[in-house]
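Colleague: I should like to go through this model step by step. May we begin with the pairing of strands and then turn to the cores and the surface?

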Amino acid sequence: YHAQPSQGTEQEKMDYALNNKRRVIRLVLQWAALYGDLLQEDEAAMAFLEEFYVSVSDDTRMIAALKEQLPELEKIVKQVSEEPKAAQKKHKVLLQLFNTSDDRAQKRQPIRGSDEVLFKVYCIDQTYTTIRVPVASSVKEVISAVADKLGSGEGLIIVKMSSGG
């Protein structure tokens, strides 16, 4: 981001720096747009985005041409940093997926259809049971697993609750 040529006139050096900075900003914007969900879970990535935003903000004082990209960068940084808070408020559902791994340092791997997930299934009488099903399970397979666990499939439905306030 801060690369400078060692040769050329002052104007050529400024043009070179501006073009490099614009390219890096575009790259970071594309990266954040594509991987925003994963970035919010990575403290180092979040720290980098915030530090990068501050660096670009500082540079806009000296290079006015960068100001046009600053609002978009600010929007991405805010969006990525606020998504975990919004997700916590939004995901109050009767069928709850939770992580069974206690090892936070575990390497992230792609999810495969054969991987299993653990669900908490809440019942009307305010009790719940847990089931383990493959990620690629259909709704019918999930209901069948719950019916097997509860001993009865009569009247089972999956409900997603959400609240608009």
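**Strands, cores and surface**

Modeller: Leucine 118 stands opposite arginine 132 in β3. Please keep in mind that this is a predicted model.

Colleague: In which sense do strands β2 and β3 pair?

Modeller: Strand β2 covers residues 116–122, and β3 covers residues 128–134. Seven bridges join the two strands, and the sense of their pairing is antiparallel.

Colleague: Which side chains of strand β3 are buried?

Modeller: In a regular strand the side chains alternate between the two faces of the sheet. In β3, Tyr128, Thr130, Arg132 and Pro134 point to one face and are not buried. The side chains that point to the other face are buried, namely Thr129, Ile131 and Val133.

Colleague: Which helices each supply at least two residues of the largest nonpolar core?

Modeller: The largest nonpolar core has 19 residues, and those with the most contacts inside it include Ile25, Phe52 and Val80. At least two residues of this core come from each of α1, α2 (43–62) and α3 (70–90).

Colleague: Is tyrosine 35 buried, partly exposed or exposed?

Modeller: Tyrosine 35 lies in helix α1. Together with Trp31, Leu34, Leu38 and Phe48, Tyr35 makes a nonpolar surface patch of about 530 Å². Buried means under 20% relative accessible area and exposed means over 50%. The relative accessible area of tyrosine 35 is 43%, so this residue is partly exposed.

Colleague: Which helix gives the most to the nonpolar patch?

Modeller: Four residues of the patch come from one helix, which spans residues 10–39. The helix that gives the most is α1.

Note on methods:
Residues numbered from 1 in each chain as written. Predicted model: local features only at pLDDT ≥ 70, side-chain atom pairs only at ≥ 80, totals over all residues. Heavy atoms only, no water. Patch = residues over 30% accessible without salt bridge, like charges linked within 9 Å, V, L, I, M, F, W, Y side chains within 5 Å. Areas by Shrake-Rupley, 256 points an atom, 1.4 Å probe, with all protein chains shown as cover. Salt bridge = Lys/Arg side-chain N within 4 Å of Asp/Glu carboxyl O. Buried < 20%, exposed > 50% of the residue type's maximum accessible area, 1.4 Å probe, protein only. Pairing = 2+ DSSP bridges. Core = buried A, V, L, I, M, F, W, Y, C linked by side-chain atoms within 4.5 Å.
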